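Please read the following report alongside the sequence and the model. It deals in turn with unusual backbone sites, the surroundings of a ligand and a set of paired strands.

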Amino acid sequence: MAKKRQVYIETYGCQMNLADTEVVLSILAGAGYGQTTSLRSADVVFVNTCAVRENAEQRVYGRLGDFRRYKKENPGMIVGVLGCMAERLRKDLMQSESHVDLVVGPDEYRRLPELIEGAINGERGIAVKLSRVENYDDILPLRTEGISAWISVMRGCDKFCTFCVVPFTRGRERSRSMESIVREVEHLGARGFKEVSLLGQNVNSYLDGQHDFSDLMAAVAHVDRSMRVRFTTSHPQDMSDKLLRTIAEQENICNYIHLPVQSGSDRILDLMNRTYTRGQYLSLVHKIRTMIPEISLSTDIIAGFPTETADDHHRTLDVIREVGFDGAFTFKYSPRENTKAWHMGDDVAEELKTERLNEIIDLQREISLQKNEAMINTACEVLVEGESTKSANDYCGRTDSNKMVVFPKGVCEIGQYLNVRIDRANSATLFGISLGASAREIGDPKLAANA
Ligand code: 5AD
Ligand code: SF4
């Protein structure tokens, strides 16, 4: 029998891309390909790319430079660019002196086996059509064993924030069927997975006929009460009361919402087309905290959007203080061709963007530290995820509220729920001691009471 062709794939960018890579691997496994983690032994090399900011693209270009060297040693090797950069930079990637053989956008992965065959026969291939319906609903992603799985439940984005390429690189919103998502979760539960994260660029606008995102969350939460359910990313506009009630009611839906605010200035929010004001965002946070008092909130913030003044920037710092986020992902504005903001210019000087970004990071670090220190001497439930990256004597895992906890290994195992007493904290991590299996691990019937 001929040796299986081997695929090597590197993934950049958001969690949607990680989930897409598993779809790609499943499609290729179905066509007889094996997966390798060694570039040298690969017949096909893919990069699944992100186009959301310039620096993400630069990293991929750097990596493509490395692949050029491997291809010199192994001229039969097929190199392909998948994902958002394939949509945005198709011409550039396919120019004649490029060594890229395939450029395939996020809605064309079913065609990969056919395109690879073509490339082996010397035809460079490009497939970048966006679809209104493709959601890979029938494809079971190829996942390695583990305890935590990403499940893409909707694709695309219709929000058109003026800074963002996603609506152009991933196309219109479309949702998978609730039925197939629930089946996938059942399958993961049977394989021993303990946590699922439902993913979408705009996950809370999920809609499958009569079922909205809260219906989906409730259905997923019922599959297995010992499984944690997370979700990301939510847009403030689609954060319904019904969804908040579902999060509050379902014990195994984590008390954590990632809710990008982007800016604290109404003028900038309007220019960004975020569809809410600072006041509306703050009222939403107030409502969330009233309905789910133990909720943990994180956010995304952009520093240096076009025309941003010192006053706008201070409003962003104020909103960070006022909300007191548990964490924030912070970015310097990066102009993206063809977006509306691209035409607004990029008038905040690079040094000023850096300065503002650093102020935001410093402030958030201070707040995160305070919040983490407040947990010292309390016990929290942790799902053991694996060995700590810093010490082979320690395990790490996350709390329901998505905080990382490091503790000595003791007798516990990966995939168990433990109660951990927190003894020490920095702005990113909590440190503690295991108090033994939690009620969920023991199978306390009270935890299943709202099933
Ligand atoms: N520049 C900087 N940050 C951006 N993001 C999206 N587009 C840009 C851009 N052009 C950030 C937003 C979004 C997160 C995923 O990436 O904060 O929420
Ligand atoms: Fe981009 Fe805005 Fe859609 Fe998020 S909601 S993917 S920032 S357009």
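Helices (H or I, at least four residues) and strands (E, at least two) are DSSP runs, numbered from the N terminus. In those terms, Tyr-136 is found in the loop between β6 (125–127) and β7 (148–152), and this residue has a positive phi of about 55° although it is not a glycine. The model is a predicted one, in which local features need pLDDT of at least 70 and side-chain atom pairs count only at pLDDT 80 or more, while totals for chains, interfaces and linings use all residues. Residues are numbered from 1 along each chain as its sequence is written, chains are lettered from A and ligands numbered from 1 in the order in which they are written, and side-chain values use heavy atoms, with hydrogens and water left out.

Relative accessible area is used here with a 1.4 Å probe and protein chains only, where buried means under 20%, exposed over 50%, and partly exposed in between. Tyr-136 counts as buried, because its relative accessibility is 2%. Phe-160, which lies in the loop between β8 (154–155) and α6 (166–169), also has a positive phi, of about 50°, without being a glycine; with a relative accessible area of 33%, Phe-160 is partly exposed. A further backbone feature is the cis peptide bond between Thr-232 and Thr-233, with omega about 0°, and Thr-233 belongs to the loop between β13 (228–232) and α9 (241–249).

Around ligand 1, the residues near the molecule (one heavy atom within 4 Å of it) include Val-52, Phe-163, Ile-302 and Tyr-333. Strands β15 (296–303) and β16 (327–332) each supply at least two residues of this shell. The table lists polar contacts of the ligand, a polar contact being a pair of N or O atoms within 3.5 Å.

| Side chain | Partner | Distance |
|---|---|---|
| Arg-53 | oxygen atom of ligand 1 | 2.9 Å |
| Gln-262 | oxygen atom of ligand 1 | 2.6 Å |
| Asp-300 | oxygen atom of ligand 1 | 2.6 Å |

Taken alone, ligand 1 exposes 400 Å², of which the protein buries 85%; accessible areas come from the Shrake-Rupley method with a 1.4 Å probe.

Two strands pair if DSSP finds at least two bridges between them. Strand β17 (residues 379–387) runs antiparallel to β18, joined to it by five bridges, and Leu-383 stands opposite Arg-398 in β18. Strand β18 (residues 394–399) has six of its six residues buried, and pairs with β19 (residues 404–408) in the antiparallel sense over five bridges, with Asp-394 opposite Pro-408 in β19.

Definitions and conventions: A polar contact is a pair of N or O atoms within 3.5 Å; within protein, one must be able to donate a hydrogen and the other to accept it, and residues adjacent in sequence count only if both atoms are side-chain atoms.
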